[in-house]
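The following exercises concern the structure shown below. Please attempt each task before reading its solution.

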Amino acid sequence: VKLDVTDPRNAVYLADSDFGLVDPELLEQRGLSEAPEGNAHQAEFTLDNNYIIAADEDFSPTGFEATTDDGSEFLAIPGSGTAPIEVGVTLSGQTIYVGRACNGDPAVPAAGVGQIAVVVRGLCTFTEKIANVEAAGGYAAAIVVNREGADGCGPIGMSVEGTIPAVSIDREAGYGLFNLTGYDNDACLAGSAQELPGVTIGDLGDVVSLRSFFDGWGYVHLYDNNDGKLVELDTYAIPEAMDPAFADNFGDLSVHEVATSLVDPSLAYISYYSGGFRVVDIVADQLVEVGKFIDEGGNNLWGVQAFIGADGEEYVAASDRDHGLYIFKYTPSAP
């Protein structure tokens, strides 16, 4: 968002950007059509104010999608220590309600082929619930629905162990799985119920599909510095950031931030975490990489800032979270 803060107490809107329906770098580099994750982080104007260069900070190169057979989509958050759904895999199954699944509760019924257990939060730990689902045998995965209460209703992250995939969902999405009507969030926050109303153990719900997919790391945008809706001219990402082979065990391959040159309106310097230090030039409204540095032991670059040295030359200070401060000087190659 671009604001006029001439009067800091009365900021005036000037412009903003939108993410498109399809991630441009993922499509261009890998031919993959996924929605952009977003995560706008930091931006700077170029020296001549003709452009805005913006950095998206995204530490997760994978996404997770949950849908039902009636076409609805809902937020599902994978558990911390349960079996993952591997990237590129879609797990589908009929949901079946199994109650709280705590020790001493009615037994979790044995599963039909590929069924997904729907459990409600409450009384016992998430790990105990998933263990009882696993002990019943046959379940492909488990979905934990949040309970009512001031700390409930919305999405939750689960600290949980288990050998089958397990995800958590908000209470309204739990209603949707069994086509329950009349969900009221205020009433949910004020209530104390754990079980889903009108649903009994063994009732079948929607067929659910859980999909894990690669959507790349954070990258760089080039915008025309216009008012109103900002026009995106180009994007830039290092190749490894859009390659599923680099999703794990290669450090963070997201951009962190950009610093535009203090002497050249077309030049910008980028800190790219494990992707090192990058220099880009704006050529015909496109971001073109013209320089890079990755140390022999690797980098973990964070802050970056251009400055003018005592000799009148432009330098760039870049802070590495592992190794300290680097000072760079970009020297263009001869034509």
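**Exercise 1. The partners of strand 11**

How many bridges join strand 10 to strand 11, and do the two run parallel or antiparallel?

Solution. The model under study is a predicted one.

Step 1. Strand 10 and strand 11 are joined by four bridges, and they run parallel. One residue pair fixes the register: Val-145 has Ile-169 in strand 11 as its bridge partner.

Step 2. Strand 11 is also joined to strand 7 (residues 77-78), here by two bridges and in antiparallel fashion. In this pairing Ile-77 stands opposite Ser-168 of strand 11.

Step 3. The side chains of strand 11 are then assigned to faces. In a regular strand the side chains alternate between the two faces of the sheet. Accordingly, Ala-166 and Ser-168 point one way, while Val-167 and Ile-169 point the other way. All of these residues are buried.

**Exercise 2. The eight-stranded sheet**

State the strand order of the sheet that holds eight strands, and identify its edges.

Solution. Step 1. The order is 6-5-12-8-9-10-11-7, in an open sheet with mixed pairing.

Step 2. The edge strands are strand 6 (73-74) and strand 7, each of which pairs on one side only.

Step 3. The mixed character can be traced to individual pairs. Strand 8 and strand 12 (residues 204-214) run antiparallel and are joined by six bridges, with Val-207 in strand 12 as the bridge partner of Gln-94. By contrast, strand 10 runs parallel to strand 11.

**Exercise 3. The three-stranded sheet**

Determine the order of the open sheet formed by three strands, and describe the pairing of strand 2 with strand 14.

Solution. Step 1. The strands follow the order 1-2-14, and the pairing is mixed.

Step 2. Strand 1 (2-4) and strand 14 (228-229) are the edge strands, pairing on one side only.

Step 3. Strand 2 (residues 12-16) is joined to strand 14 by two bridges, and the two run parallel. Within this arrangement, Ala-15 stands opposite Gly-228 in strand 14.

**Exercise 4. The disulfides**

Locate each disulfide, give its geometry and state which parts of the chain it links.

Solution. Step 1. The structure contains two disulfides. With the bonded cysteines numbered in sequence order, the pairing is 1-2, 3-4.

Step 2. In the disulfide of Cys-102 and Cys-124 the sulfur atoms are 2.0 Å apart. The angle about the S-S bond is -85 degrees, and the link is left-handed. Cys-102 belongs to the loop between strand 8 (90-99) and strand 9 (116-120), and Cys-124 to the loop between strand 9 and helix 2 (126-136), so the pair ties together parts that are 22 residues apart in sequence.

Step 3. Burial is decided by a relative accessible area under 20%. Cys-102 is buried because its relative accessible area is 4%, and Cys-124, at 16%, also counts as buried.

Step 4. Cys-153 and Cys-188 form a disulfide with an S to S distance of 2.1 Å. This link of Cys-153 and Cys-188 is left-handed, with -110 degrees about the S-S bond. The pair links distant parts of the chain, 35 residues apart: Cys-153 lies in the loop between strand 10 (141-145) and strand 11 (166-169), and Cys-188 in helix 4 (residues 185-190).

Step 5. The relative accessibility of Cys-153 is 2%, so Cys-153 counts as buried. Cys-188 is likewise buried, with a relative accessible area of 2%.

**Exercise 5. A residue of strand 18**

Is Val-283 buried, partly exposed or exposed?

Solution. Step 1. Val-283 is located in strand 18 (residues 277-283).

Step 2. The class of partly exposed lies between the limits of 20% and 50%. Val-283 has a relative accessibility of 43% and therefore counts as partly exposed.

Step 3. The C-alpha atoms of Val-283 and Leu-267 are separated by 9.6 Å, the two residues being 16 residues apart along the chain.

**Exercise 6. The chain as a whole**

Characterise the chain by its secondary structure, extent, burial, contacts and charges.

Solution. Step 1. The chain has four helices and 22 strands.

Step 2. Along the principal axes, its C-alpha atoms fill a box of roughly 80 × 50 × 35 Å.

Step 3. Of the 335 residues, 46% are buried. The accessible surface comes to about 15800 Å², and carbon and sulfur atoms hold 52% of this surface.

Step 4. Among contacts with a separation of 6 or more, 61% are between residues 24 or more positions apart.

Step 5. The chain carries 14 positive and 53 negative charges, whose mean positions are 5 Å apart.

Methods:
Residues numbered from 1 in each chain as written. Predicted model: local features only at pLDDT ≥ 70, side-chain atom pairs only at ≥ 80, totals over all residues. Heavy atoms only, no water. Pairing = 2+ DSSP bridges. Buried < 20%, exposed > 50% of the residue type's maximum accessible area, 1.4 Å probe, protein only. Contact = heavy atoms within 4.5 Å. Areas by Shrake-Rupley, 256 points an atom, 1.4 Å probe, with all protein chains shown as cover. Lys, Arg positive; Asp, Glu negative; His and termini not counted. Charge placed at Lys NZ, Arg CZ, Asp CG, Glu CD. Disulfide = S-S within 2.5 Å.
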